[in-house]
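The following exercises are to be worked with the sequence and the coordinates at hand. Each task is followed by a solution in steps.

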Amino acid sequence: MDLAAELGVVRLTVEMDALMLEQALNRRAPDCLRQAQAIQDIKVQSRLWFSSCVFAHCKREANMPAHHMAKLGLALQVEDVLVADDVIPAIVAKFVMGDLA
């Protein structure tokens, strides 16, 4: 969301394959989850930074670039963390290109 705000996006749709997270982000009532503060922060930021922000659930098959990016991140050791604003790892790039097709 930070990048979208920096780029001047005013209407944002965030798709995710985590159904419980999508439900928590769309719930109006306060959350009792362990991650309640982080979820509340995302809700507040989305209201402040965008005129419209939709959190939508999609099947993992529709979200393969994010799935493979997360899988890559889990495989890295702390000292191997990749930080790159403009480079997409090759394993993820093929799924991004598939998404664009």
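**Exercise 1. Determine what share of the contacts with a separation of 6 or more joins residues 24 or more positions apart, and describe the chain in which these contacts occur.**

Step 1. In this predicted model, residues 24 or more positions apart account for 65% of the contacts with a separation of 6 or more.

Step 2. The chain contains five helices and two strands. Read along the sequence, these elements follow the pattern α-β-α-α-β-α-α.

Step 3. Of the 101 residues in the chain, 19% are buried. The chain exposes about 7800 Å², and carbon and sulfur atoms supply 59% of that area.

**Exercise 2. State how confident the prediction is, and identify the elements with the lowest and the highest mean pLDDT.**

Step 1. The average pLDDT of the chain is 81, and 79% of the residues score at least 70.

Step 2. Among the elements, the lowest mean pLDDT, 67, belongs to helix α5 (residues 90-100). The highest, 94, belongs to strand β2 (residues 52-57).

**Exercise 3. Trace the contacts of C53 and S46, and classify S46 as buried or exposed.**

Step 1. C53 is located in strand β2, whereas S46 belongs to helix α3.

Step 2. Leaving aside residues up to four places away in sequence, C53 touches L12, V14 and S46. With the same exclusion, S46 touches M1, C53 and F55. The contact between C53 and S46 therefore links strand β2 to helix α3.

Step 3. The relative accessible area of S46 is 8%. Because this value is under 20%, S46 is classified as buried.

Step 4. M1, one of the residues touched by S46, lies 52 residues from C53 along the chain. The C-alpha atoms of C53 and M1 are separated by 9.7 Å.

**Exercise 4. Find the aromatic pair in the structure, classify its geometry, and determine which surface patch includes W49.**

Step 1. A search of the whole structure yields one aromatic pair. The ring centres of W49 and F50 are 6.5 Å apart and the ring planes stand at 70°. Because an angle over 60 degrees counts as edge-to-face, the pair receives that classification.

Step 2. The two partners are assigned to separate burial classes: W49 is partly exposed at 35% relative accessible area, while F50 is buried at 6%.

Step 3. W49 forms a nonpolar surface patch with V44 and L48. Together, these residues have about 290 Å² of accessible area.

Step 4. V44 is placed in helix α3 (residues 36-49). Its relative accessibility is 32%, so V44 counts as partly exposed.

**Exercise 5. Locate R60 and A18 within their loops, and state which residues R60 touches when those up to four places away in sequence are not counted.**

Step 1. R60 lies in the loop between β2 and α4 (64-75). A18 lies in the loop between β1 (11-16) and α2 (19-26).

Step 2. Both residues fall between the limits of 20% and 50%. R60, at 43% relative accessibility, is therefore partly exposed, and A18, at 33%, is partly exposed as well.

Step 3. With residues up to four places away in sequence not counted, R60 touches D17 and H67. R60 and D17 are 43 residues apart in sequence, yet their C-alpha atoms are 5.2 Å apart.

Step 4. A18 and K59 provide a further pair for comparison: they are 41 residues apart along the chain, and their C-alpha atoms are separated by 8.6 Å.

Terms used. Residues are numbered from 1 along each chain as its sequence is written. This is a predicted model: local features need pLDDT of at least 70, side-chain atom pairs count only at pLDDT 80 or more; totals for chains, interfaces and linings use all residues. Side-chain values use heavy atoms; hydrogens and water are left out. Helices (H or I, at least four residues) and strands (E, at least two) are DSSP runs, numbered from the N terminus. Buried means under 20% relative accessible area, exposed over 50%, partly exposed in between (1.4 Å probe, protein chains only). pLDDT is the predictor's confidence in each residue, from 0 to 100. Rings of Phe, Tyr and Trp (its six-membered ring) pair if their centres lie within 6.5 Å; planes under 30 degrees apart count as stacked, over 60 as edge-to-face and the rest as tilted. Patches are made of residues with over 30% relative accessible area and no salt bridge: like charges are joined within 9 Å, nonpolar side chains (Val, Leu, Ile, Met, Phe, Trp, Tyr) within 5 Å. Accessible areas come from the Shrake-Rupley method with a 1.4 Å probe; for residues, only the protein chains shown count as cover. A salt bridge is a side-chain nitrogen of Lys or Arg within 4 Å of a carboxyl oxygen of Asp or Glu. Contact means heavy atoms within 4.5 Å.
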